[in-house]
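Me: I have not looked at this structure before, and I would like to understand the terms used for it. Could you show it to me, and then let me ask how each label is justified?

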Amino acid sequence: MSGAAPGPGSGSSPAACRFAHYFVLCGIDADSGLEPDELAVLYQWLEADRHGKSQDAANTTSGENFDQSPLRRTFKSKVLAHYPENIEWNPFDQDAVNMLCMPKGLSFRTQTDNKDPQFHSFIITREDGSRTYGFVLTFYEEVTSKQICTAMQTLYQMHNAEHYSSVYASSSCSMDSLASSTDEGDTTSLLKLQRYNSYDISRDTLYVSKSICLITPLPFMQACKKFLIQLYKAVTSQQPPPLPLESYIHNILYEVPLPPPGRSLKFYGVYEPVICQRPGPNELPLSDYPLREAFELLGLENLVQVFTCVLLEMQILLYSQDYQRLMTVAEGITTLLFPFQWQHVYVPILPASLLHFLDAPVPYLMGLQSKEGTDRSKLELPQEANLCFVDIDNHFIELPEEFPQFPNKVDFIQELSEVLLQFGIPPEGSLHCSESATKLKNLVLKDLVNDKKNGNVSTHNISMYELLKGNETIARLQALAKRTGVTVEKMDLSASLSEKEKDLKLQCEEAELRDYQLNVQLREVFANRFTQMFADYEAFVIQTAQDMESWLTNREQMQNFDKASFLSDQPEPYLPFLSRFIETQMFATFIDNKIMSQWEEKDSLLRVFDSRIEKIRLYNVRAPTLRTSIYQKCSTLKEAAQSIEQRLMKMDHTAIHPHLLDMKIGQGKYEQGFFPKLQSDVLATGPTNNNRWVSRSATAQRRKDRLRQHSEHIGLDNDLREVCGPPSQDASIQQP
């Protein structure tokens with residue numbers, strides 16, 4: 001799970017062109033019962049070792065851990081099912097997927113606890129550096145196994161007995177205190193202890209966590225989240241879904257393709273369509289994690305500082321209770337590195353059993369889940385001078401002792417602030433807006449606060465009348481109108497929308513469009529800085545080898561970039577940062593890719609970056625010797641936002657609708673609140689022509705779809721071919 005991550009690996013399987021590779025279900029194995037999580041035991045041992053305690057001390061509680069309430073202990077989860085069984089070019093890694101779907105193992109709750117579903121994502125980085133993305137929705141199901149409920153009850157009896165004996169022992173340390181060991185105070189505290197986090201099989205309902213997961217070759221986070229939420233709603237709804245869940249899962253696994261570069265795609269969930277779009281060959285690469293959230297969580301100043309630490313390849317540790325926050329910040333910051341890529345250990349969600357990775361004397365970008373109530377001072381961290389600690393939940397960072405500032409930092413932050421403010425996001429981050437948040441809470445519409453979009457809720461939910469209901473002036477006008485017999489009609493904000501915006505809503509939520517546009521505009525500002533700073537980098541690349549083989553053989557001994565000449569050509573204020581940055585592994589890899597491009601096809605990031613430099617040269621012809629540190633703003637913001645809008649206004653492709661499968665009668669019966677046991681035979685393989693539910697005309701239509709798709713693939717850019725291989729035989733698309 002470490003190393004560089006240039007994108008999806010290449011492969012010749014038709015599966016490589018599918019939107020999703022696997023559907024996974026993780027949870028409790030009723031046959032195995034309650035098993036303590038071995039990884040948690042290992043974690044306790046490591047913690048004891050880090051704190052200098054004896055291993056015996058760690059082991060005394062590692063078996064059953066009586067100090068912790070059974071409902072708060074960690075139990076082993078299991079991959080209950082995954083479809084298909086295996087994809088040759090992307091083999092299913094059961095242990096890794098189980099650990100990342102449920103990093104804390106199984107969680108138990110009772111009817112008194114919060115059981116809201118939680119979404120998070122993860123990344124698996126293969127040995128060749130390519131990535132696979134996982135998107136997970138974890139929810140709670142009632143435990144129906146009497147064996148497991150009885151086991152939990154037994155654990156509580158043991159837990160309470162252990163605590164009773166410890167209370168008795170602590171109060172019996174002397175003869176005087178022995179007489180008071182049955183004091184009312186001790187009895188009261190014991191009763192309180194037993195009631196807290198307790199479980200009584202005759203009184204309580206036990207729930208256990210279960211995860212549904214999609215594993216995909218590209219990070220379409222928003223689309224996967226919507227699809228999984230619709231599956232969950234189908235399970236918890238009072239009415240069964242229109243089709244068995246197998247139909248929707250089969251559809252997304254085998255009949256929904258990856259959208260080609262520069263195109264948009266619509267496919268269907270249980271209740272409503274899901275939209276996704278993919279940037280064109282000359283645009284910034286796909287990034288679906290909301291940068292808005294990363295900027296809200298950290299604040300602009302903090303984010304730029306952490307970004308600078310990442311560029312200089314320091315050790316960066318992200319810290320949060322929320323797994324998805326760790327992913328959002330990690331993916332957000334690494335996305336902003338374009339055209340460079342993080343080359344070192346990258347583990348946005350660090351499992352507890354791998355905590356010792358933090359001691360590694362190498363650059364890393366890792367995310368650690370904080371435990372509720374754990375203070376920063378209790379966290380044992382390596383005393384490294386170049387560690388950047390990012391406490392996401394508390395809006396706080398600890399920076400390394402000394403490091404250079406990003407060039408033109410003040411102007412850079414000012415330009416980013418302007419973009420954020422256009423979208424209603426305060427540059428200082430969401431935690432510094434408590435005053436305005438308090439005012440918003442007084443409004444009737446709590447959505448304005450709860451959706452965490454700073455008021456950017458979709459306008460069809462708001463009427464002007466409701467928004468201004470608490471306003472004193474409006475109240476006086478209403479009273480006057482009432483006395484004079486005039487009726488005040490409710491004014492809907494959507495009345496002010498242009499026809500174009502109304503059409504747009506048919507394809508995409510307005511808030512979703514704004515997030516996409518904000519993402520691309522922020523990324524354009526970052527990309528523009530690197531384009532300006534390295535506009536003349538090619539002049540300093542040293543290409544001495546005549547062929548690739550001799551260059552690869554002598555790579556370690558050869559100098560491939562004239563660093564001294566490059567630095568002497570830079571504005572003086574840039575030098576502290578640039579002199580360190582050009583020594584990093586990410587810069588060395590960038591130059592290596594440039595040299596390799598004379599013999600091989602150019603790296604996709606490098607191709608986009610070089611085309612931007614060519615544009616700069618066309619627009620402002622300047623000699624390399626006339627470099628200045630005058631800040632030049634990004635000029636492509638409007639163009640980038642329009643590209644997103646155009647793709648989302650009209651779908652280029654619509655996937656085949658979910659349809660009835662040839663399923664066994666009587667299986668997959670709907671039971672509210674329980675995810676059904678899926679029929680593996682219909683999910684193990686893709687569509688076949690002998691499916692009696694599919695008409696001949698549909699088969700003919702799919703053949704036409706495949707022929708048209710094949711013609712599209714011929715004209716596709718090479719970076720799509722690398723992901724897809726030959727045209728898919730089972731991922732089908734049809735015109736809307």
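**How the labels are earned**

Reply: The protein chain has 27 helices and 15 strands, and what you are looking at is a predicted model. Of the 736 residues in this chain, 52% count as buried. Among contacts between residues at least 6 apart in sequence, 79% join residues at least 24 apart.

Me: What makes Phe75 and Phe108 an aromatic pair that is edge-to-face?

Reply: A pair of aromatic rings is described by the distance of the centres and the angle of the planes. Ring centres have to lie within 6.5 Å to count as a pair, and planes over 60 degrees apart count as edge-to-face. Phe75 and Phe108 are 5.6 Å apart centre to centre, with 90° between the planes, so both conditions of the definition are met. The pair links distant parts of the chain, since Phe75 is in the loop between helix H2 (55-62) and strand E2 (78-83), while Phe108 is in strand E3 (residues 108-110), 33 residues apart. A search of the whole structure finds 36 aromatic pairs.

Me: How do you know whether Phe75 and Phe108 are buried or exposed?

Reply: The word buried is used under 20% relative accessible area. Phe75 has a value of 5% and Phe108 one of 0%, so each of them counts as buried.

Me: Why is the pair of Phe307 and Phe526 said to tie together parts that are apart in sequence?

Reply: Phe307 belongs to helix H10 (residues 300-311) and Phe526 to helix H18 (residues 510-533), so the pair ties together parts that are 219 residues apart in sequence. The rings of Phe307 and Phe526 are 4.9 Å apart centre to centre with 80° between the planes, which is again edge-to-face, and both residues are buried.

Me: Why are H18 and H24 called roughly antiparallel?

Reply: The axes of H18 and helix H24 (residues 637-649) come within 9 Å and cross at roughly 150°. Angles over 145 degrees count as roughly antiparallel, and H18 and H24 are therefore described in that way. H18 passes H24 in a right-handed crossing, and the residues making the contact include Leu513, Tyr516 and Val520 of H18, together with Ala640, Ile644 and Leu648 of H24.

Me: What makes the charged end of Lys115 count as sitting over the ring of Tyr207?

Reply: One condition is that NZ of Lys is within 6 Å of the ring centre, and another is that it is within 35 degrees of the ring normal. The charged end of Lys115 is 4.7 Å from the centre of the Tyr207 ring, and it is listed as sitting over that ring.

Technical notes
Residues numbered from 1 in each chain as written. Predicted model: local features only at pLDDT ≥ 70, side-chain atom pairs only at ≥ 80, totals over all residues. Heavy atoms only, no water. Phe/Tyr/Trp six-rings, centres within 6.5 Å; stacked < 30°, edge-to-face > 60°. Helix = DSSP H or I, 4+ residues; strand = E, 2+ residues; numbered from the N terminus. Buried < 20%, exposed > 50% of the residue type's maximum accessible area, 1.4 Å probe, protein only. Axes fitted to C-alpha atoms, helices over the stretch in contact; angles between N-to-C directions. Parallel < 35°, antiparallel > 145°, perpendicular 65-115°, else oblique. Left-handed = near helix turned anticlockwise from the far one by under 90°. Contact = heavy atoms within 4.5 Å.
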